[in-house]
Each structure stands twice: as structure tokens, then as C-alpha cells.
Amino acid sequence: MSGLSLYVDQGTYLNRLHPYTKLLYVLTAILVPLIGGKKILFAVTIASSILLLIIGKTLKRAVPLIAFSFTLIIVIFLVQGLFFHKNEIPLLSLGFLVFYREGVMYAAGICLNILNMLLSFAVFVLNTPPQELVEELEKNGFSSKFGYVINSVFQIVPQMMKTKDTILDAQRSRGMETEGSLMTRIKAFLPLISPVVMSALINTRERAIALEVRGFGRKNKKTFISERQKLKGDTVITALLFSLLILAVVWRVKSCL
Amino acid sequence: MGNLFKTKLNAATIVLIPACIGINYLGKLFASLLKLPLWLDCIGTCIGACLGGPVIGGVCGAINNIIYGLTTGDNITLIYALTSFGIGIAVGVTARMGFMETLPKSLICALAAGLAAVIISTPLNVMFWGGTTGNVWGDAAFAVTQANGLPVLLGSFIDEILVDVPDKIITIIIAFFILKGLPEKIKALYDVNAEVERLD
């Protein structure tokens, strides 16, 4: 397993579920509040995602995934709360800054959506190895060439990261400055990146030859080394999620009529 | 025109895609390591587009964002796969038209990439973030436009232009120098018009 993936095998039920089931959960969690059109639904899906993260013992690892969005959320609240074009009713004033109700409500909608998307996706990413997803997709007729592309990224990137450390040390030992004014740092960029990039591109040639020799271009149907048994829960959960989606659509249509 | 999108789909181009995605990661990493105020996260996409053509460039960009989403858990990046796809196509097409031959010409290529990014990202920004981009300078500009009562779409558009166009210009310049230094033996691998001569 590469160091790039966020997945850690903990043997939980969520780990064993079929990747498609978890993908459908993400889809449902994102779409139901958007289709339903009520802010309270965000609270429900966000709570269920957090619950799933706790059950899957992944809550701690989910925090850094969500944390990066906080600065954005603050910016959104500032910009929309102060300057939203429909702003009328003042809500709160801090010195010369006046936050308006409409803007804050609008920002809250955006932020709930963002949090909901990030949390539900965290449930998926933290419990599914990407390789498994790619393999399942390939079994369903997804091009194996693109499957290879995705899998090999997970190998190539850690390799390049290692090369990067070597280059950084090598260039620093030659006296290259990587800190200081903006100009110095810009000047350092090309000497740092070009050796790694060059070697990566030159390696593609050898890699291509190696793949060609192993029959990469063959069009035969491939067989798979790992067989996975479908859990009973997969069918049940899939049916449940689908019915929730349909329910949301029906509810929306009804409330529009 | 058909030649613009002509693509070879052999082992060499397939292998090029992961390498380019690796380069994208690296660009982003070095940019943050050196604390540069730019993203520089599509150098690989541009290189891929110049070598393999618009289709490979677009695929590089799209898969890059998918993988980024899978490895950081940030599924909002997934939607920006559209932007990366557009950048790849724009660079690929302009490169095939001969705009990557000299440094001054490559600026046109950079503008095409920047415009593609702006046009695709702006509606996405408005839909998902209410117009902000997450870049300090761009968002400051957005706040100014909103304070002056300009429409959200226009504000977000200005926000994107300020952030994306300079970023793409630098990216293309870097890609240009890297491609210049690449041995002919590698470039020949991706030449669509190359003929394979059989000796048997």
C-alpha cells in the first residue's frame, strides 16, 4: 500500500463494504439536502456522516481533511456577510463592520453544503482503498488502461517525492538558496523541479518498453487475482439509499405542486 | 483540423499520464515549500498536453483532480476536474498549432490556458463558494467588487483572472524550459506523425 492513499485497513464493516455502496452513500448525502432544499436536511446528513466516521474509527483522521476548509468558510462568511448583494437587515455590528442577515444566511447555506460534501466524502475515502475501487470498475468494463493510469499514480508519486528530497539536498549542498526574498525563491523553483521532471519523463520511456514487453497493449479479457464476496449489507444499504433519493425527489416535487 | 486532436494511445502515452500527474503534485509541493504565491499545480498537465496532444492533456488534468480528491478527501476538487480538463485541451490545441515553439509565442498558449481556466472555474466558484476562490489576493478583489455592488459573476470573474492568468503564464514558461531540455529520443516517442518502419 502506498503512502499516498488515506485508507488504513482496520477490518471494520465499513472497510469491507463494496466501494460502490459507499460511493452511493456519498451521492445520497450530497444530493438529498440539495434536492430537498431544506437546511435542516444538511444537519441530518452531516450528523450521519460524523456518526459513520465514528463507527468506522476514522473520525480522528477525518479532522485534517476538513480543517483546511475552515479558512475558506471564514472568508465566505466575511465576504458574503458584509457585501452580499441582497443585504438589508443588519444582524451584528463590530465597530465599522456590519454583518447582514441575508448574507450570513447565504454563507451558512454554502458552508453547510461544503461541510456536508467533505464529511460524506471523507467516509468514502478513509474506508476505501483506491486500488479496490479501480479493480471493481475494471470488472465492470472500465478500461484497464485507465485503471493502470490511476494505480500507477499511487506508485509514481511517492517515488517522485523521494527523488525530490534527494534533489533538494543536492541543490542546497551546492549553495542554492531556497529561502529569502520572493525573487530568490522564484529563482530556486526551476533548478529544483527540472531534475525530477526530467528523470520522470525519461523514465517513461523505459516504463513503456517494460509494459509493451509484458503485453500491455493486448485486447484479451483480463482475469482478476482477487475475488470479493458481496456482503448481504451491500444490497440492503443500496436499496435503502436509493429509496431515500427517490423520497427526496418525490417530496420536492410534491412541495412544488 | 482533425490533426489537432489526433492522439496515439499506446503504452508510451498511457505511461506519460501518471508521470505528468506526478509532476503536477511536485509543482504544487515545491510552490508551497518555497512559499510562492502561486499554485503551479498544472505543469504536468501542460507538459502532457504538449507531448501527447489535447486529449492526453485533458485526461491528465481530469485524472489529476480525481486522484487529488481521492488522496486528500477533498471532493470539491473533483468538480474542478472540468477546469483541468479544459486547461489540458487548450494547451494541447495551441501547442499543436505551433505556439510552443518559441518563448514569446508560448505566451499565447498561456493565455489560452488561463482563459480556459477562468471560463470554466467562474461558474463553479459561484455555484459552490458563492464566488470566492480561496486565494487571498483574488478574494480581496472579489470583496472590493461586491462592496461596490457589482454582480457576483463579474466579481468572481475578476477574482479568477487575477489568480489564474499569472499562474498559467508562469506554468507555461516552466513547461517550455523543461520541454526545451528534453532529449529528442523522448520527444520522438510522442510524435503523432511519426511513421514506424518495419524491417520485415
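1. Chain A has ten helices and two strands. This is a predicted model, so the points below describe a prediction. From the N terminus, the elements of chain A run α-α-α-α-α-β-β-α-α-α-α-α. The two strands thus sit between the fifth helix and the next one in that order.

2. How far is chain A spread out? Its radius of gyration is 24 Å. The globule rule gives 18 Å for 257 residues, and the value for chain A is well over that, so the chain is more spread out than a compact globule. Along the principal axes, the C-alpha atoms of chain A fill a box of roughly 65 × 60 × 35 Å.

3. The domain assignment splits chain A in two. Domain 1 covers 13-128 + 227-256, and domain 2 covers 143-213. Domain 1 is therefore written as two stretches of sequence, because the assigned bounds place domain 2 between them. The C-alpha centres of domain 1 and domain 2 of chain A lie 36 Å apart.

4. Look next at α2 (residues 19-36) and α3 (residues 39-55) of chain A. Their axes come within 9 Å and cross at roughly 170°. An angle over 145 degrees counts as roughly antiparallel, and that makes α2(A) roughly antiparallel to α3(A). From α2(A), the contact uses A:Ala29, A:Val32, A:Pro33 and A:Gly36; from α3(A), it uses A:Leu41, A:Phe42, A:Thr45, A:Ser48 and A:Ser49. By class, these are five nonpolar and four polar residues, with no charged ones.

5. A second helix pair in chain A is α4 (residues 59-67) with α6. They pack at an angle of about 135°, with their axes 10 Å apart. The two helices are therefore oblique to each other. Their crossing is right-handed. A:Arg61, A:Ala62, A:Leu65 and A:Ile66 of α4(A) meet A:Leu118, A:Leu119, A:Ala122 and A:Leu126 of α6(A). Seven of the residues in this contact are nonpolar, none is polar and one is charged.

6. Chain B has nine helices and zero strands. Along the sequence its pattern is α-α-α-α-α-α-α-α-α. The radius of gyration of chain B is 18 Å, close to the 16 Å of the globule rule for 200 residues, so chain B is as compact as a globular protein of that length. Its C-alpha trace spans about 70 × 35 × 35 Å along the principal axes.

7. What does each chain bring to the contact between A and B? Chain A gives 55 residues and chain B gives 47 residues. On the chain A side, the elements with two or more residues are α5 (69-83), α6 (101-127), α8 (144-173) and α9 (182-213). Of these, α9(A) gives the most, with 20 residues. The chain A side divides into 41 nonpolar, eight polar and six charged residues.

8. One helix pair across the chains deserves a closer look. The axes of α8(A) and α1 (residues 11-33) of chain B come within 8 Å and cross at roughly 40°. The two are therefore oblique to each other. The crossing is right-handed. Residues of α8(A) in the contact include A:Tyr148, A:Val149, A:Val153, A:Ile156 and A:Met160. Those of α1(B) include B:Ile14, B:Ile17, B:Pro18, B:Tyr25 and B:Leu29. In full, the contact of α8(A) with α1(B) has 14 nonpolar, two polar and two charged residues. A:Lys145 and A:Lys164 of α8(A) are among its members too.

Terms used: Residues numbered from 1 in each chain as written. Chains lettered and ligands numbered in written order. Predicted model: local features only at pLDDT ≥ 70, side-chain atom pairs only at ≥ 80, totals over all residues. Contact = placed C-beta atoms within 7 Å. Helix = DSSP H or I, 4+ residues; strand = E, 2+ residues; numbered from the N terminus. Nonpolar A, V, L, I, M, F, W, Y, C, P; charged D, E, K, R; others polar. Axes fitted to C-alpha atoms, helices over the stretch in contact; angles between N-to-C directions. Parallel < 35°, antiparallel > 145°, perpendicular 65-115°, else oblique. Left-handed = near helix turned anticlockwise from the far one by under 90°. Rg over C-alpha atoms; globule rule 2.2 N^0.38 Å.
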